[in-house]
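Here is a short note to keep beside you on a first look through this model. Each point picks out one place to find and look at.

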Amino acid sequence: MNLQPVILSGGSGTRLWPLSREKHPKQLLALDGGESMLQATARRVTDVCGSLTVAQRLIILCNEEYRFITAEQLRDIGLENQTLLLEPVGKNTAPALTLAAIAAVNQQDDTILLVMPADHVIADKTAFQTAVESGLDQAKNGAIITFGIKAHRPETGYGYIKMGEAIADDAIYAIDRFVEKPDLATAQMYLDSGQYLWNSGIFMMRASIWLRAIKHFNPSMYTVCVQSMTNAKSDCDFVRIAKEDFSSCPSDSIDYAVMEKLNATTDLGIQACVIPLDVGWSDVGAWDAVWEVSEKDAQGNCARGDVMMENSKNCLAMADSRLLVCLGMEDAIIIETPDAVLVTNKANTSGMKQVITRLKAGQYKQTDNHRKVYRPWGHYDSVDSGEHFQVKRIVVKPGGRLSMQLHNHRAEHWVVVSGVATVTRGDEVMTLQPNESTFIPLGVKHRLENLGTTDLEVIEVQSGTYLGEDDIVRFGDIYGRADA
């Protein structure tokens, strides 16, 4: 029986603003300057399960808003042609897992699902592999297993799992109960007892067992998910879940929908089990957690980018676009991006929810996208703008092609900086070398593409009465988009 990795990559993680945005969530961030958390998770499940029989393709659930950068990040680490299920709306983890289980059954009858969020850190991959292997027999025999993290401090930001009786050599336990995020005194009691584990959100079970459980406890969710997958459409690398069906799906978590109910009933004969993990786990849920898991210097500082530390200790500083100097700081968190800067300290990171609420209420554009916006053909960076102009730096990867389009309210000037541009302007097709330029009048059909083998970089100057991204009339697009 194959082991089928399933990665849940649908969250927004706005507590890591300003690096994390609604359309560029935390799992897509490279917080250590290397791979993103999504890439690290995907690599982990393919590396960790090396001695096991693993399905050739990962199943990844992600929001359709960031489908292209998700696929691109996977391709960057050599994982092409994966199964990407696009959720048209977020409905929490139980429907996401149900969609994945249906996809797994459709692909290979029945299999063991190893389900995990994309935005967690696990330092000890060997210990994780050992834990997975220890639970395989129980999963094959019909148990639903979760992995609980051995608590190292009285954490109030996590839910907990109370262990019941040992099932197999003190490596697997029955679940006594799930408990909500506690206050500090209760968390300390949990820690002192040694009976409670942090809830990691990592699960393992046969696909058919999960479908039987969700059909029993939430038949309407099961029915909607089956219908949504029946009407799903394949589109390039993606499987688009039918929005008209999925929008009516109940929203619930794996824990609430199934796990908390399993041991309270004997109707199904499915046991809920937990395997304790001590693997250097973190959900990296806030900036203080990022500092906690990051490599630090002798003064306890973690610096990313062009950062100078002077007489400072236990700080986290990240600079994206300019020099950042920290003088006489302690326990500070300073995150710089081209369009927003966060300054706080580690004790106040729990207040990010209120900040995001205020930003959304004020309709700040910094809640949705970065200044750099990723597209399937590459990306663009909005360098400058004014009342009637906007300047963008456009990078088109080899083989990339923008859609054939026109604008009703703006004209555009294109200057090639590097690479070779193939430009369609009306009935004319031209090739532009570096330092050459062209003008696209208002209302004229046009397209930019890169037929070369290196990146094409273009400076675009827009001018007109309206410069919004929705001023696009699209006539054809190789990526199947109706949006930008």
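1. Start with Ile270, which counts as buried because its relative accessibility is 5%. This is a predicted model, so please read each value below as computed from it. Ile270 sits in the loop between helix 9 and strand 12 (272–277). Setting aside residues up to four places away in sequence, Ile270 touches Gly142, Ile144, Ile209, Arg212, Ala213, Leu262 and Asn263. For Ala213 there is also a C-alpha separation: 8.0 Å from Ile270, with the two positions 57 residues apart along the chain.

2. Ala213 leads us on to helix 6, where it is one of the buried residues. Which others are buried in helix 6? They are Ala207, Ile209, Trp210, Leu211, Ile214 and Phe217. The buried residues of this helix pack against helix 3, helix 7 (219–230) and helix 9 (254–262), and also against strand 4 (112–117), strand 6 (144–150) and strand 9 (196–206).

3. Now look at how helix 6 (residues 207–217) meets helix 3 (residues 93–108): they pack at an angle of about 135 degrees, and their axes are 9 Å apart. That angle makes helix 3 oblique to helix 6. Helix 3 contributes Ala94, Leu97, Thr98, Ala101, Ile102, Ala104 and Val105 to the contact, while helix 6 contributes Ala207, Trp210, Leu211 and Ile214. The crossing of the two helices is left-handed. As you look at the spacing of these residues, it may help to recall that an α-helix has 3.6 residues a turn, so residues three or four places apart point the same way.

4. Next, the cysteines. How many disulfides does the structure hold? Zero. Take Cys249: its closest cysteine sulfur is in Cys225, and at 4.1 Å that is too far for a bond, since a disulfide needs the two sulfur atoms within 2.5 Å. Cys326 is in no disulfide either, the nearest cysteine sulfur being that of Cys315, 5.9 Å away. Cys249 counts as buried, at 3% relative accessibility, and Cys326 counts as buried too, at 1%.

5. Leu16 is worth finding in the loop between strand 1 (3–9) and helix 1 (37–48). Is Leu16 buried or exposed? With a relative accessibility of 0%, Leu16 counts as buried. Beyond its neighbours within four places in sequence, Leu16 is in contact with Lys26 and Leu31, and with Val284, Gly285, Ala286, Trp287 and Val290. Gly285 is 269 residues from Leu16 along the chain, yet their C-alpha atoms are separated by 7.4 Å.

6. Two domain features come from UniProt, in an unreviewed entry. The record places "MannoseP isomerase/GMP-like beta-helix" at residues 311–359. In the model, that span is 16% helix and 41% strand, and its end C-alpha atoms lie 33 Å apart. The record also places "Mannose-6-phosphate isomerase type II C-terminal" at residues 365–477. Over residues 365–477 the chain is 0% helix and 56% strand, with 26 Å between the end C-alpha atoms.

7. Finally, have a look at Gln390, in strand 22 (residues 389–396). Gln390 is buried, and its relative accessible area is 13%; the cut-off for buried is under 20%. What does Gln390 touch, not counting residues up to four places away in sequence? Its contacts are Ser382, Asp384, Ser385, Glu460, Val461, Gln462 and Leu467.

Technical notes: Residues numbered from 1 in each chain as written. Predicted model: local features only at pLDDT ≥ 70, side-chain atom pairs only at ≥ 80, totals over all residues. Heavy atoms only, no water. Helix = DSSP H or I, 4+ residues; strand = E, 2+ residues; numbered from the N terminus. Buried < 20%, exposed > 50% of the residue type's maximum accessible area, 1.4 Å probe, protein only. Contact = heavy atoms within 4.5 Å. UniProt positions renumbered as here; feature names shortened; annotations may be inferred. Axes fitted to C-alpha atoms, helices over the stretch in contact; angles between N-to-C directions. Parallel < 35°, antiparallel > 145°, perpendicular 65-115°, else oblique. Left-handed = near helix turned anticlockwise from the far one by under 90°.
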